[in-house]
Amino acid sequence: MEKHSYKLNYLSYSSVDELNEADRELMKAARKAAHMAYAPYSKFSVGSALLLENGVVVTGNNQENAAYPSGICAERVAVFYASSQYPGVKVLKIAVTAFSNVFVVNSPVAPCGACRQVLSEYEKLYRSDIEVLLQGQEGKIYRIKNVSSLLPLAFTSDDLPQE
Ligand code: THU
């Protein structure tokens, strides 16, 4: 038997004031997207903003559905849009934020497992880290170097039959 362990390194900032201007703007774009979310069921509005290598910023927000599992998270809306409109263009960074009208979202949003999986696909495809910036409604921000560090032991194309 061998014992293994995994350590996640990330940075935290006490407010957006500690970010550089580009990151602040990206978080602002995510916040604007959150305000356009369609989240009548959870009342938890999420926005995401991706910075692509060509300088384009793509945003997304959660889109819910009366058939709950048919809804989709903000991160996947944005990254699928990016891949559909800018195939082959690296994703450099993603900012995610959320707010609710029924409670204060005071800790950074944690992307769900499916979003981590989907983002990690593009990280592998472009062989390039996607930096992750997470914030709640306000306050504390987490900066994580890449998506793969948020998804240890990930299932990837390497696990499928190779030609
Ligand atoms: N949600 C996101 O869009 N992104 C996240 O990172 C966490 C959760 C959405 C899914 C659902 O519409 C609502 O938030 C509550 O789970």
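This report walks through the ligand site, aromatic pairs, salt bridges and unusual backbone angles of a predicted model.

## The ligand and its surroundings

Let's start with the ligand. Its shell is made up of Ser42, Phe44, Val46, Asn62, Glu64, Cys73, Ala74, Glu75, Val109, Ala110, Pro111 and Cys112. Sorted by character, these residues give 8 nonpolar, 2 polar and 2 charged.

Several polar atoms of the protein come up to oxygen atoms of the ligand. The side chain of glutamate 75 places an N or O atom 2.5 Å from a ligand oxygen. For alanine 74 the contact is made by a polar backbone atom, 2.9 Å from an oxygen of the ligand. Asparagine 62 uses a polar side-chain atom, which lies 3.0 Å from a ligand oxygen. How much of the ligand's accessible area does the protein cover? On its own the ligand has 380 Å² of accessible area, and the protein covers 76% of this.

## Aromatic pairs

Across the whole structure, the search turns up 4 aromatic pairs. One of them joins tyrosine 41 and tyrosine 68, with ring centres 5.4 Å apart and 40 degrees between the planes, a tilted arrangement. Here the partners come from distant parts of the chain, 27 residues apart: tyrosine 41 sits in the loop between helix 1 (21–34) and strand 2 (45–52), and tyrosine 68 in the loop between strand 3 (57–61) and helix 2 (74–85). Tyrosine 41 has a relative accessible area of 38%, so it counts as partly exposed. Tyrosine 68, at 59%, is exposed.

Phenylalanine 44 and phenylalanine 103 form another pair. Their ring centres are 6.2 Å apart and their planes meet at 15 degrees, so this pair is stacked. Phenylalanine 44 belongs to the loop between helix 1 and strand 2, while phenylalanine 103 belongs to the loop between strand 4 (91–99) and helix 3 (113–125), so the pair ties together parts 59 residues apart in sequence. Phenylalanine 44 is partly exposed at 24% relative accessible area, and phenylalanine 103 is partly exposed at 43%. Phenylalanine 44 has a second role to note here, as one of the residues surrounding the ligand.

## Salt bridges

The count of salt bridges comes to 8. Among them is the contact between the side chains of aspartate 23 and arginine 143, with an N to O distance of 3.0 Å. Which elements does this pair connect? Aspartate 23 is in helix 1 and arginine 143 is in strand 6 (residues 141–144), so the bridge ties together parts that are 120 residues apart in sequence. Are these two partners buried or exposed? Aspartate 23 is buried, because its relative accessible area is 3%, and arginine 143 is buried as well, at 13%.

Lysine 28 and glutamate 25 also meet in a salt bridge, 3.9 Å from N to O. Both residues lie in helix 1, 3 residues apart, which is about one turn of the helix. Lysine 28 is exposed, with 52% relative accessible area, whereas glutamate 25 is partly exposed at 40%.

A further bridge brings together lysine 145 and aspartate 129, again with 3.9 Å between N and O. Lysine 145 follows strand 6, and aspartate 129 is in the loop between helix 3 and strand 5 (131–135), so the bridge ties together parts 16 residues apart in sequence. Lysine 145 is exposed at 58%, and aspartate 129 is partly exposed at 39%. Shared partners also join salt bridges into one network, made up of Asp23, Lys93, Glu131 and Arg143.

## Backbone angles to check

Two residues deserve a look in the viewer. Lysine 43 has a positive phi of about 55 degrees, although it is not a glycine. This lysine lies in the loop between helix 1 and strand 2 and is partly exposed, with a relative accessible area of 42%.

Where does arginine 127 lie? Arginine 127 is in the loop between helix 3 and strand 5. Its phi is positive too, at about 45 degrees, and it is not a glycine either. With a relative accessible area of 77%, arginine 127 is exposed.

How values were computed: Residues are numbered from 1 along each chain as its sequence is written. This is a predicted model: local features need pLDDT of at least 70, side-chain atom pairs count only at pLDDT 80 or more; totals for chains, interfaces and linings use all residues. Side-chain values use heavy atoms; hydrogens and water are left out. Rings of Phe, Tyr and Trp (its six-membered ring) pair if their centres lie within 6.5 Å; planes under 30 degrees apart count as stacked, over 60 as edge-to-face and the rest as tilted. Helices (H or I, at least four residues) and strands (E, at least two) are DSSP runs, numbered from the N terminus. Buried means under 20% relative accessible area, exposed over 50%, partly exposed in between (1.4 Å probe, protein chains only). A residue is near a molecule or strand if one of its heavy atoms lies within 4 Å of it. A polar contact is a pair of N or O atoms within 3.5 Å; within protein, one must be able to donate a hydrogen and the other to accept it, and residues adjacent in sequence count only if both atoms are side-chain atoms. Accessible areas come from the Shrake-Rupley method with a 1.4 Å probe; for residues, only the protein chains shown count as cover. Ala, Val, Leu, Ile, Met, Phe, Trp, Tyr, Cys and Pro count as nonpolar, Asp, Glu, Lys and Arg as charged, and the others, Gly among them, as polar. A salt bridge is a side-chain nitrogen of Lys or Arg within 4 Å of a carboxyl oxygen of Asp or Glu.
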